[in-house]
Amino acid sequence: MKTNGTPGDANGAGGPHGSFAEDDAQWTALRYVLGEMNADETEAFERTLSTDLQACEHVAAAARLTADLYSALSTEVEVMTKAVPSAPAKDIPISAPVRSTRRGLWAVVGLVAAVCLLTAGGLSLLPLTGDNQEEAAVDHADTSAGSLVAIWTERSAETAAETPLAGAAGPDRVNAEGVPSFADTDAADDSAADSALVAEDDYDVPGWMIAAVENGKSWRPDDADTEIREN
Amino acid sequence: MRIDSAVIASLYERYADELGLFLRGVLRNSDLAAEALQNTFTKAVESGHTAREESLKGWLFRVAFHEAALLRRRGQIHDRSLRQIARNGQSSGDSGERPEERLSRSEMLTEVQRALHDLPPDQRRVVQMRIYEEKSFAEIAEELSVPLGTVLTRMRLALKKLSRQMQKPGT
């Protein structure tokens with residue numbers, strides 16, 4: 001009589017149905033191949049192997065299944081490893097320093113905003129033939145405060161009389177107590193506040209320009225004084 | 001009187017693959033399995049004529065198991081990793097595998113992956129942890145915080161599904 005060779009196996013109970021016995025035999029063989037049997041079970045099963053061809057065939061099938069599963073799983077891992085960028089090396093800082101980056105980031109934001117506004121304003125102020133100047137303004141939007149001021153001065157001088165000043169605070173910007181409400185401030189309001197700092201006989205410099213100039217002076221990409229703190 | 005070489009060649013072609021898998025399952029070492037397989041067919045050349053023709057396969061497996069037991073008694077097994085069982089199937093470059101065999105194995109691999117994906121996630125996880133990560137069932141039970149019996153049941157159900165899936169026509 002052929003046995004499954006697993007006297008102590010709680011999962012080894014056979015049944016009258018061939019398929020159940022077959023499943024049980026496969027499971028036993030897999031446990032043997034995986035080394036999940038204790039010494040007694042192994043010894044008993046190996047005694048079976050020496051006489052039972054079907055048990056040998058189940059072991060061969062279990063070994064094949066195990067090898068195929070390992071190959072399939074290792075292939076998937078390889079594919080996923082290639083698809084997902086590898087984690088940064090240990091000798092490379094994982095996170096950039098926060099403080100210096102934050103300061104630089106605001107400066108960059110200010111510059112970008114200045115450039116965008118300049119471009120938008122320049123497009124509305126200049127005739128179409130001024131494309132070259134606009135491109136120059138955009139292409140050369142660097143941290144140079146002087147270039148921004150010069151460009152703005154030149155253009156605003158042409159249409160200063162027609163262009164309404166940005167951001168005089170209107171009555172809707174004041175709360176019930178008559179105090180300006182800062183909750184709704186925007187660039188227009190900022191420029192109105194900033195313009196108060198400028199002499200009356202000067203051009204009304206919009207706030208974004210002042211911010212751009214300040215940011216242009218305070219940060220440069222290659223600034224050696226930029227403090228870098230590592231985590 | 002020795003068995004005919006043509007018969008030996010025929011036996012090798014029919015049973016070498018299955019015998020090799022059986023030996024890898026017993027020894028869990030591809031190199032030793034290959035050595036045992038070679039010894040088996042050496043014995044077949046020397047003594048195969050004594051076996052009855054209708055039971056040649058059984059005779060081969062008995063001899064193979066005996067050879068495996070000999071090697072194991074010599075204490076030559078050091079690595080019982082499943083990688084050793086799988087390695088022989090992966091190294092096709094220097095094994096003289098024919099192109100059609102490589103294609104067949106590639107198709108089989110695709111079928112296995114498909115069968116794996118069809119498994120319920122909890123069963124698939126157990127299979128992956130046991131087969132690929134080579135953790136014991138006890139370690140898996142501890143890591144997943146489930147009873148050992150649950151892990152065994154999941155693995156057994158997965159085995160049943162995988163076997164059925166891979167025995168379908170066309171696989």
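**Figure 1. Confidence of chain B and of the complex in this predicted model.** Chain B has a mean pLDDT of 84, with 83% of its residues at 70 or more. Over residues 90–94 of chain B, pLDDT remains under 50, and the model places 3 contacts beyond four places in sequence for this stretch. For the complex, the predictor reports an ipTM of 0.85 together with a pTM of 0.56.

**Figure 2. The fold of chain A.** Chain A contains 8 helices and 0 strands, and its sequence reads as the pattern α-α-α-α-α-α-α-α. The chain comprises 231 residues, of which 28% count as buried. Among its contacts with a separation of 6 or more, 59% join residues 24 or more positions apart.

**Figure 3. The side of chain B that touches chain A.** In the model, 34 residues of chain B are in contact with 30 residues of chain A. Two or more residues each are contributed to this side of chain B by helix H1 (5–27), helix H3 (56–73), helix H4 (82–90), helix H5 (99–118), helix H6 (121–132) and helix H8 (148–166) of chain B. By class, the residues on this side of chain B comprise 19 nonpolar, 7 polar and 8 charged.

**Figure 4. Packing of helix H3 of chain A against H1(B).** Helix H3 of chain A spans residues 53–83, and its axis comes within 7 Å of that of H1(B), with a crossing angle of roughly 80°. H3(A) is therefore roughly perpendicular to H1(B). From H3(A), the contact involves A:Cys56, A:Val59, A:Ala60, A:Ala62, A:Ala63 and A:Arg64. H1(B) supplies B:Glu18, B:Leu21, B:Phe22, B:Arg24, B:Gly25 and B:Val26. The residues of this contact of H3(A) with H1(B) comprise 8 nonpolar, 1 polar and 3 charged.

**Figure 5. Packing of H3(A) against H5(B).** The axes of H3(A) and H5(B) lie 9 Å apart, and the two helices pack at an angle of about 80°. This angle makes H3(A) roughly perpendicular to H5(B). On H3(A), the contacting residues are A:Asp68, A:Leu69, A:Ser71, A:Ala72, A:Thr75 and A:Glu76. On H5(B), they are B:Met108, B:Leu109, B:Val112, B:Gln113 and B:Leu116. The contact of H3(A) with H5(B) divides into 6 nonpolar, 3 polar and 2 charged residues.

**Figure 6. Helix H2 of chain B and its buried residues.** Helix H2 of chain B covers residues 30–47, which are 18 residues in number. From first C-alpha to last, H2 of chain B reaches 25 Å, close to the 26 Å expected at 1.5 Å a residue. The buried residues of H2(B) are B:Ser30, B:Leu32, B:Ala33, B:Ala36, B:Leu37, B:Thr40, B:Phe41 and B:Ala44. In an α-helix, residues three or four places apart point the same way because there are 3.6 residues a turn.

**Figure 7. B:Arg28, with positive phi, in the loop between H1 and H2 of chain B.** B:Arg28 is a residue other than glycine, yet its phi is near 55°. B:Arg28 counts as buried because it has 23 C-beta neighbours inside 10 Å, the threshold being 20 or more.

**Figure 8. B:Ser145, with positive phi, in the loop between H7 and H8 of chain B.** The phi of B:Ser145 is about 60°, although the residue is not a glycine. Helix H7, which precedes this loop, covers residues 137–144 of chain B. B:Ser145 is exposed because 7 other C-beta atoms lie within 10 Å, and a residue with 12 or fewer is classed as exposed.

Conventions
Residues are numbered from 1 along each chain as its sequence is written. Chains are lettered from A and ligands numbered from 1 in the order in which they are written. This is a predicted model: local features need pLDDT of at least 70, side-chain atom pairs count only at pLDDT 80 or more; totals for chains, interfaces and linings use all residues. Two residues are in contact if their C-beta atoms, placed from the backbone, lie within 7 Å. Helices (H or I, at least four residues) and strands (E, at least two) are DSSP runs, numbered from the N terminus. Ala, Val, Leu, Ile, Met, Phe, Trp, Tyr, Cys and Pro count as nonpolar, Asp, Glu, Lys and Arg as charged, and the others, Gly among them, as polar. pLDDT is the predictor's confidence in each residue, from 0 to 100. The expected span of a helix is 1.5 Å times one less than its number of residues. Axes are lines fitted to C-alpha atoms, for helices over the stretch in contact, and angles run from 0 to 180 degrees between N-to-C directions. Angles under 35 degrees count as roughly parallel, over 145 as roughly antiparallel, 65 to 115 as roughly perpendicular and the rest as oblique.
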